[in-house]
Amino acid sequence: MSDAPDALPSAAALAGPGEPAAVSGRRGPAAPLPRSVRIGYGLGSLGTGTFGTVPGLILLYYLTNVLAVPAVVAGAAVFLPKAWDVLINPLVGAAADRSRVQGGSRRPFLLAGAVTLPPLFALVFAAPPLRGTAAAVYVGVLFLLAATAYAVFQVPYVTMPAEMTEDAAERGRVLGWRVAFLGVAILLSGALAPAIAHADAGGDAGGDGTAGYRLMGVLVALLLAAGMLGAWHFTRRAPQVARSEAEPSLRAQLAAARDNEPFRYLVGMWTLQALAIGVMLAGVQYFATYTVGSASAVTALFVCMIGPLVLVMPVWNRLARARGTKYAQWCASLLFTAGAAALFLTPWTGPALGYGAVAAVGIAYAGLQLLPLTMLADTLAADAVRTGRRRAATFTGLWTAAETLAFALGAGVFALVLAATGFRSSDASRPVGQPDTALAGITVGMSLLPALLAVASLWLLHRYREEPPEAATTD
């Protein structure tokens, strides 16, 4: 794979929050990072992409349809551990910053996360001899510990590129590998994890999928370990040439966000869109089982959604360069809204429309993965020029917290839809029929609800004002 493909986000977009090429101004010769460091850093996304995908895709279904956990309780077991990330991330970031200030490295945090997350993930899906609320407590506690281990790895990991080099083009190459591995991780884990989990059930909702989930947990844990340990090992030769620090308190961080109007609208827009994606991710397994008619159909649906990610991202990148990033974001948002709404017709038109609508959502999703981050980089670059301060850590920390909370809330919202429409949880070996209201709720939750959230995000996108860094004035 080439280091500077047109298929990846531009160097300006990936130059590092608050430090795109227009701000950094470092155009002179810079020693390139070793190729092993660039690729090795990207390997970490095998871990972050996998952990960000698999629980959101199948954990809620595992609780309600395998461990007989009531929908509301299952939603809490999925939501609360991920919401905990919003609280633990600043603490991990502060600890990593202190280590960096004292001359230490962020790599020990990578190692700590790499050796703890994989076994904890496997234990989440170990299918203990518990059912109902007791099973939810078991899964919730293990998932909370796994989320904590993930934060220990992920928070320092996303900070490292800005500290490896101050050259925007070199940083773009580093992050290009990260995006490439992220796409591989999402597609690989999202397609294979459900297939493995349902293998012993013959692909039907009525089979006993306990052993399949247990095997899936172990295999995904191995993928997590390979990516995370690879990033820790291969970044040992990475230089440390710069440092970015966040504001000293949450109040100061929120005050900085309050004073940056473009950032407020941008993070609000992405929070609603991330919530819409999170709802769909939580609902796709139910949609496959009860609307399409086969639990194993989730693999094909997920491939339709994520498969276009790497293929069409260059198209969104070229559109952004030709017509502006905000225009491209409008196109991606409208396509996502249309695709999600079209899913509502699947029960009447058959699976073909469902697959086609999910593919349209996937094409839009590629843009939604790239374009908001491009706008974030431009917004933070303008802030750096205007204020003379490098506040990337502050804004990216708030961005990550909002995104994490939105994705976590997605599963909780879909669980509430299930509970409100009368969904009946069951043991894997004793499935139960669902009332018509629950079947309708699954379809609406997978289609119209995400579409409405995307429509609401368009108002915030309309209010977002693009401000090229070179147009900003220093205070």
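1. Helix α5 runs over residues 107-124 and has 18 residues. In this predicted model, the distance from its first C-alpha to its last is 26 Å, close to the 26 Å expected at 1.5 Å a residue. The helix is nevertheless not free of bending: a kink of about 25° lies at L117, shortly before the proline P118. Both L117 and P118 are buried, and the buried residues of α5 also include R107, F109, L110, G113 and A114. Further along the helix, L120, F121, A122 and V124 are buried as well.

2. Helix α3 can be read in the same way. This helix covers residues 35-65, which makes 31 residues. From first C-alpha to last, α3 reaches 46 Å, close to the expected 45 Å. A kink of about 35° is centred on I58. As for cover, 26 of the 31 residues in α3 are buried, and the helix is mostly covered.

3. The overall make-up of the protein is simple to state. There are 18 helices and zero strands. Of the 475 residues, 57% are buried. Among contacts between residues at least 6 apart in sequence, 84% join residues at least 24 apart. The accessible surface comes to about 17,700 Å², and carbon and sulfur atoms account for 67% of that surface.

4. Which residues make a nonpolar surface patch of about 310 Å²? The patch is made by V137, V141, L144 and L145. V141 has its place in helix α6, residues 133-164. V141 counts as partly exposed because its relative accessible area is 45%, and the partly exposed class lies between 20% and 50%.

5. The count of salt bridges comes to one. E261 pairs with R264, and the closest N and O atoms are 4.0 Å apart. Side chains of opposite charge can pair when their charged atoms come close. E261 and R264 are three residues apart in helix α10 (residues 261-292), so about one helical turn separates them. Neither partner is buried: E261 is partly exposed with a relative accessible area of 37%, and R264 is partly exposed with 35%.

6. Is T337 buried or exposed? T337 is buried, with a relative accessible area of 12%; the class follows because buried means under 20%. The residue sits in helix α13, which spans residues 325-342. Not counting residues up to four places away in sequence, T337 touches A451, A454 and V455.

7. L353 belongs to helix α15, residues 351-387. With a relative accessible area of 30%, L353 is partly exposed. Where does L353 stand relative to L343? The two are 10 residues apart in sequence, and their C-alpha atoms are 7.2 Å apart in space. Leaving aside neighbours within four places in sequence, L353 is in contact with A342, L345 and T346.

8. For a second look at the structure, three places can be checked by eye. In α5, find the kink at L117 and then the proline P118 shortly after it. In α3, find the kink centred on I58. In α10, find E261 and R264, which form a salt bridge.

Terms used:
Residues are numbered from 1 along each chain as its sequence is written. This is a predicted model: local features need pLDDT of at least 70, side-chain atom pairs count only at pLDDT 80 or more; totals for chains, interfaces and linings use all residues. Side-chain values use heavy atoms; hydrogens and water are left out. Helices (H or I, at least four residues) and strands (E, at least two) are DSSP runs, numbered from the N terminus. Buried means under 20% relative accessible area, exposed over 50%, partly exposed in between (1.4 Å probe, protein chains only). Contact means heavy atoms within 4.5 Å. Accessible areas come from the Shrake-Rupley method with a 1.4 Å probe; for residues, only the protein chains shown count as cover. Patches are made of residues with over 30% relative accessible area and no salt bridge: like charges are joined within 9 Å, nonpolar side chains (Val, Leu, Ile, Met, Phe, Trp, Tyr) within 5 Å. A salt bridge is a side-chain nitrogen of Lys or Arg within 4 Å of a carboxyl oxygen of Asp or Glu. The expected span of a helix is 1.5 Å times one less than its number of residues. The bend at a residue is the angle between axes fitted to the seven residues ending there and the seven starting there.
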